[in-house]
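Me: Please take a close look at one helix pair in this model, and then place it in the wider assembly.

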2 protein chains.
Amino acid sequence: MSRETDDLAELKDSALLDTDEDLEDLALGEDYALNPEFVSDVIDALDRGDAERLRELLGALHPADVADLMGFLSADAREELVPHLDPETLAEILSELDTEIREEVLEHVPSATLAKAIGEMESDDAADVVDDLEADKRAQVLAAMPEVERATIEASLAYKDETAGRLMQREVVAAPQFWTVGQAIDHFRREVDDLPELFFDIYVVDPSYKPVGAVPVSQLLRSKRDVPLAQIMEQVTEIPVDMDQEEVAYIFDKYHLISAPVVEPGGRLVGQITVDDIVGVIQEEGEEDILALAGVSDAGRDADVLGMVRSRLPWLLLNTVTAAIAASVIGAFEGEIEKLAILAALMPVVASLGGNAGTQTLAVAVRALASRELSAINAIRTVSREMVVGLANGAALAALTGGVIYALFGDLRLTLAFGAALMINMFVAALAGAAIPLALDRMGRDPAVSSVVFVTFVTDFTGFFAFLGLAALILL
Amino acid sequence: MSRETDDLAELKDSALLDTDEDLEDLALGEDYALNPEFVSDVIDALDRGDAERLRELLGALHPADVADLMGFLSADAREELVPHLDPETLAEILSELDTEIREEVLEHVPSATLAKAIGEMESDDAADVVDDLEADKRAQVLAAMPEVERATIEASLAYKDETAGRLMQREVVAAPQFWTVGQAIDHFRREVDDLPELFFDIYVVDPSYKPVGAVPVSQLLRSKRDVPLAQIMEQVTEIPVDMDQEEVAYIFDKYHLISAPVVEPGGRLVGQITVDDIVGVIQEEGEEDILALAGVSDAGRDADVLGMVRSRLPWLLLNTVTAAIAASVIGAFEGEIEKLAILAALMPVVASLGGNAGTQTLAVAVRALASRELSAINAIRTVSREMVVGLANGAALAALTGGVIYALFGDLRLTLAFGAALMINMFVAALAGAAIPLALDRMGRDPAVSSVVFVTFVTDFTGFFAFLGLAALILL
């Protein structure tokens, strides 16, 4: 190429760069979320079938933003968009998409394109995508892949979902104990193609390929060439291949790990987990806790209407049963309510405040259990403290509401029944809110799932029974 | 040292190592949480004042585990433990402690020791600790520190809490554009003392110290010495120094960043944020959302009884007001309830199911807003979909419960009033559960805070009013 065309090409490149940057500014708002106008532009281009404009628009986006864009499009628009994505872009986007959308997108990608895209992905992401494929398509895609890649993916899929084995990438950088810094650097420069695209630690392994230490890459860089790796290596925290991903996330968070070696039962190094995978897991687990506490099962994310109904109805049905039992308590006091209908107006207040106090305690307990700040060591102390808080809040609220009720109705016995019932319910709420998640956790179950149903059932039941019972005793 | 003593020292070292490993096994359970027996051992040693045993026990722990241990100890035991920690250990533990406990521990550390410990910390952690000190002690500690360190910390503290400026460390590795890989590596080897302990990216800067790209350390390692940095550098995502930490976490998660340069308004590089800091932020923000949805204010973490009451009572008071308003609706129908007391038993069921359905929608919306999956782009579609789901769930529940009520009471009009009220409430619950967090977000407020109060108020009010109103119309 002559000097002149070179310059021209450069000029064109820089012009393109400018356009790209302008488009980028158009695409993302200040908060790094997609602008509605940009999404409209994409939809317009799709409607017009303007492939050129689409390429331009999508080219301005990071794969993560393309994934976000997919989330904002209707199912039809997504289907139209898929053919405009080349295998490399597809490879980068697929691991960013939410499961529901990904499954849908995968249906519209030809097997050959998919096999190529999956070949470009890291082993953990590739396995996730293959796992989402339907049996027929999975067979086709795997058949279209080179033997080695297929074997790697099948090995990943052999590990259970949400374990370290599925989270890890098999690409690692390992070095024998006896190497020096210089030997290691020279080796990596020679074998560039075998290295993962990005890595943070070099695992030092013994002859049986068991990790004995790790050297952060920055440490390698600052050390002299003749220093043995064994001298600068740090202790490693090994992750067993079958460890639950929540546990893995806990360890990464606690020890501020950037990467960790994953080992087989015998101790052999089989892969590594890096912190960027963990960030996703932590987000996910936090979301799961929020949704579980609100009574939405996992499937509730990004589902269609039917999926949303399915993820919420079961808990509402359970809640119907508990509400019916609580209602039967009220039914037992029908006679009292007929005589004094104000009881019917006041009883939900007792139940509601108890429910809220119970939920507060529950949320604190679930959070503390997740971060292991609450365990067998301080369970009794925590529950006792909660009960004291429940009594204190109950006393404060009883004094306040009691005052209002006495002012409104001038009935000391009604006031007493209400105040006493409220204190009882606040105390029971604290006990239930702390003890129920602890018990679920001790039983090896997720303390966030279903605990709200139990707690509000206890507080509704107690609230109605204590207030109506006391009212029956004192008033009538 | 003679050969013999050398060997002896080695032997002793390895013996010590064995003991340490045994203690480590004793200290941590399989789930990497502290064993109750180990905590008891520490408490025993504290009671006996056995400094030797304490050193041994604490020596077996990672600083993060010492921090966990502190959380499990009583305030008195913590106070006794503090003098047994040397400045280096203290430096590592302080950044791991929860705020409440840290403030308490800091009170018991002499200013001189503290100044030394803070000097060992990274600038972001150091600033956090200094920020927790009371005015008097802060002045003492800062006075006891070298000028440069003091200036760095004061500069960090000038940034607002929970912003990128406070999260960042000022220690960065930067290189001019015209350097080659070899020049960079040689420079780092020479200036080892100026490098941060651990780093993942080298920021390539222009003459005005603005970042123009980043070279991952592993990329540096795999490239030939004569390659210019400008050729292998990647695009960087710059973090403005005043960006909110939640936003920073969103960007790290979205783009899978390991580190990112922090820039001043003019664009000058002033520090970097690394992903390990972000893991903590994500945990924190997730926790805050869970607690906010349950009506517990921030201060609720690790507080004493008084702090716990303070973090929960305000919301309960607000809830008392909303419950009283809902109760006044019931009060308005006293006549109807006196005539038909069964209404009193059934109305909480309508309110409770609406409240739960509203909370489900709310949790999904809050989560989607946090991950930016829900925005102005798809707000209308999302709310409409929620309303359809609300109607569908309402119809399913109305059919089921209506059947039960008809079977129990044989009253078609009562059944109709209940079913219709339930459907209305489920529809309103979906609308409120989706629209309220969206509105709060649009107003620039945290959609997790206070939205549950609003939603349950709406569903209680609607539940009582719709059921009793319809009953009054149809039945009486």
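Reply: In chain B, helix H8 (residues 111-119) packs against helix H10 (residues 135-143) at an angle of about 60°, and their axes are 8 Å apart. Helices here are DSSP runs of H or I with at least four residues, numbered from the N terminus. Axes are lines fitted to C-alpha atoms, for helices over the stretch in contact, and angles run from 0 to 180 degrees between N-to-C directions. This is a predicted model, in which local features need pLDDT of at least 70, side-chain atom pairs count only at pLDDT 80 or more, and totals for chains, interfaces and linings use all residues. Side-chain values use heavy atoms, with hydrogens and water left out.

The crossing of H8(B) past H10(B) is right-handed (the near helix is turned clockwise from the far one by less than a right angle). On the H8(B) side, Ser111(B), Leu114(B), Ala115(B) and Ile118(B) meet Lys137(B), Gln140(B) and Val141(B) of H10(B), contact meaning heavy atoms within 4.5 Å. By class, this contact has four nonpolar, two polar and one charged residues. Ala, Val, Leu, Ile, Met, Phe, Trp, Tyr, Cys and Pro count as nonpolar, Asp, Glu, Lys and Arg as charged, and the others, Gly among them, as polar.

As for the assembly, a turn of 180° with a shift of 0.0 Å along the axis lays chain A on chain B with an RMSD of 0.1 Å (least squares on the C-alpha atoms of residues with pLDDT of at least 70 in both copies). The two copies are therefore related as by a two-fold rotation axis. Within chain A, the residue closest to that axis is Glu338(A), at 2.2 Å (C-alpha).

Note on methods:
Residues are numbered from 1 along each chain as its sequence is written. Chains are lettered from A and ligands numbered from 1 in the order in which they are written. Helices (H or I, at least four residues) and strands (E, at least two) are DSSP runs, numbered from the N terminus.
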